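Please read the following account with the sequence and the model side by side. It moves from a single residue to the packing around it, and then to other parts of the chain.

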Amino acid sequence: MTDLERIGLPQARRIALAAQGFAARHPAQPGPARLRRVLDGLHLFQIDSVNVLSRAHYLPAFSRIGAYDRADLDRLAWGIGAGAKAGAGRVRGRKLFEYWAHEASLLPFETHPLLRWRMAQADRGEAGWTRMRDYARERRPEAMALLDRIRLDGPLATSDFEAHRGQSGWWEWSDTKRALEWLFWAGHITTATRRGNFERVYDLTERVIPGEVLSLPTPADADAHRALIEKAAAAHGIATGAELRDYFRLSPEQAAPAIRALAEEGILVPVDIPGWRHAWLHRDARRPRRIEARALLAPFDPLIWARDRTERLFGFHYRIEIYVPAEKRRHGYYVLPFLLGDSLVARVDLKADRQAGRLIVQSTHFEPDAPDHAGEALAEELERMAGWLGLASVQRP
């Protein structure tokens, strides 16, 4: 057996940053094509309901290309702003769908066949949250009744069913939501659009996702797992086996054969990184000598969502503290790490006061080894974020 190539931590960090789209300078006017390239590189945007600053799915692209038009992402995701009827399913120009990938995510249509095995598992009651699985078995008729209602009445949200709860008699809100989410997991319905307070509006999958996508062959489970691991490897550049499977939430049993197959094909190359176990390099990963990034990172950015990886790559211990009581928080409620060059040098607790038109900096904590110019660079990035969010000023403590 030949000796493994030894890659030092600084180079591994640069490889990871390049794979995540941080090696290029921000374009002067980032348009839809550049936005789509970000998505093609990351393969998904994670969705989260917290809106204290901005919805999570908008932030990764801003971190990588700067002040793009968020309406461009809305058009790709739901057709909003493209002259689409609110709640309509299939919309011209729409390129993304919602499903469970790393977590709830926006994904390109072409990923749909690669996740049908997960939908089939949910349909059999083998995936999804425990109390949701009842709807695959003994409570299936209840879920099918909801499906029939959507088929007849068109796109509906949970609140639409709740408004008519008295007519059906036996629906409780929690049951309604769980049944709809099981139908979503199982691929019977998907998100037509979002409305109000980001409420998901469901419609039949065949009325949202184009027929040419749904007619694509469904790969064997093993082939789908292999394709998802390959996407994860390209997005990471360099990673452990556990990190590769975590990207799309595969089990060890699903991921291990896929990693072996990709290694046999030479797509994944084993490398030696001090302190890492079983590290893999994607054969096409870029190896820049320098990274000159400057970005505020959402808590759900794929660069940092695996907290152990963040700590190994950057020596940066990061935990989101939304669910921590206020008096016990160390750094704040919605804290964004600040990337400068190839290092995470600070963390900033941010809030958008939309009514007053201010980006509020609730606290800032610099790392002990942050460079002297980190404060100035952060101030410039905060001004840029405020402008992108349509806020007139930055309020600092």
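Is Phe-366 buried, partly exposed or exposed? The model is a predicted one, and in it Phe-366 has a relative accessible area of 40%. Phe-366 is therefore partly exposed, since that class lies between the limits of 20% for buried and 50% for exposed. The residue belongs to strand 14, which covers residues 358-366. Leaving out residues up to four places away in sequence, Phe-366 touches Val-345, Ala-346, Ala-374, Gly-375 and Leu-378. Its C-alpha atom is separated by 8.6 Å from that of Val-348, 18 residues apart along the chain.

Helix 15 comprises residues 374-388, and its buried residues are Ala-374, Ala-377, Leu-378, Glu-381, Leu-382, Met-385, Ala-386 and Trp-388. Ala-374 and Leu-378 are also among the contacts of Phe-366. From first to last C-alpha, the 15 residues of helix 15 reach 21 Å, close to the 21 Å expected at 1.5 Å a residue. Just after the helix, Gly-390 adopts a positive phi of about 75 degrees.

Met-385 leads on to the interior. The largest nonpolar core has 107 residues, and those touching the most other members are Leu-53, Tyr-334, Leu-350 and Met-385. Apart from neighbours within four places in sequence, Tyr-334 is in contact with residues from several parts of the chain, including Val-50, Leu-53, Leu-59, Pro-299, Phe-300, Ile-322, Val-348 and Leu-350. A second core, separate from this one, has 25 residues, among them Ile-15, Ile-238, Val-271 and Leu-313.

Leu-313 also takes part in a helix pair. Helix 1 (residues 9-19) packs against helix 14 (residues 307-314) at an angle of about 130 degrees, and their axes are 9 Å apart. That angle makes helix 1 oblique to helix 14. On the helix 1 side the contact involves Leu-9, Ala-12, Arg-13, Ala-16 and Leu-17, which meet Arg-309, Arg-312, Leu-313 and Phe-314 of helix 14.

A further pair is formed by helix 11 (residues 221-236) and helix 13 (residues 252-264), with axes 8 Å apart and an angle of about 70 degrees. These two helices are therefore roughly perpendicular to each other. His-225, Arg-226, Ile-229 and Glu-230 of helix 11 make the contact with Gln-254, Ala-255, Ala-258, Ile-259 and Leu-262 of helix 13. In the loop between helix 12 (241-247) and helix 13 lies Arg-249, a residue other than glycine with a positive phi, near 55 degrees. Arg-249 is partly exposed, at a relative accessible area of 34%.

Another such phi value is found at His-43, where it is near 75 degrees. Most residues other than glycine have a negative phi. His-43 sits in the loop between helix 2 (32-42) and strand 2, and its relative accessibility of 12% means that it counts as buried.

Strand 2 belongs to an open sheet of three strands, in the order 2-4-3 with antiparallel pairing. Strand 2 (45-46) and strand 3 (96-100) are at the edges with a single partner strand each, so one side of each has no neighbour in the sheet. Strand 3 and strand 4 (residues 104-108) run antiparallel and are joined by five bridges. Glu-98 stands opposite Leu-106 in strand 4. Helix 4 (residues 70-78) packs on this sheet and touches strand 2, strand 3 and strand 4, its direction making about 70 degrees with that of strand 3.

Notes. Residues are numbered from 1 along each chain as its sequence is written. This is a predicted model: local features need pLDDT of at least 70, side-chain atom pairs count only at pLDDT 80 or more; totals for chains, interfaces and linings use all residues. Side-chain values use heavy atoms; hydrogens and water are left out. Two strands pair if DSSP finds at least two bridges between them. Helices (H or I, at least four residues) and strands (E, at least two) are DSSP runs, numbered from the N terminus. Contact means heavy atoms within 4.5 Å. Axes are lines fitted to C-alpha atoms, for helices over the stretch in contact, and angles run from 0 to 180 degrees between N-to-C directions. Buried means under 20% relative accessible area, exposed over 50%, partly exposed in between (1.4 Å probe, protein chains only). A nonpolar core is a set of buried Ala, Val, Leu, Ile, Met, Phe, Trp, Tyr and Cys residues joined through side-chain atoms within 4.5 Å. The expected span of a helix is 1.5 Å times one less than its number of residues. Angles under 35 degrees count as roughly parallel, over 145 as roughly antiparallel, 65 to 115 as roughly perpendicular and the rest as oblique.
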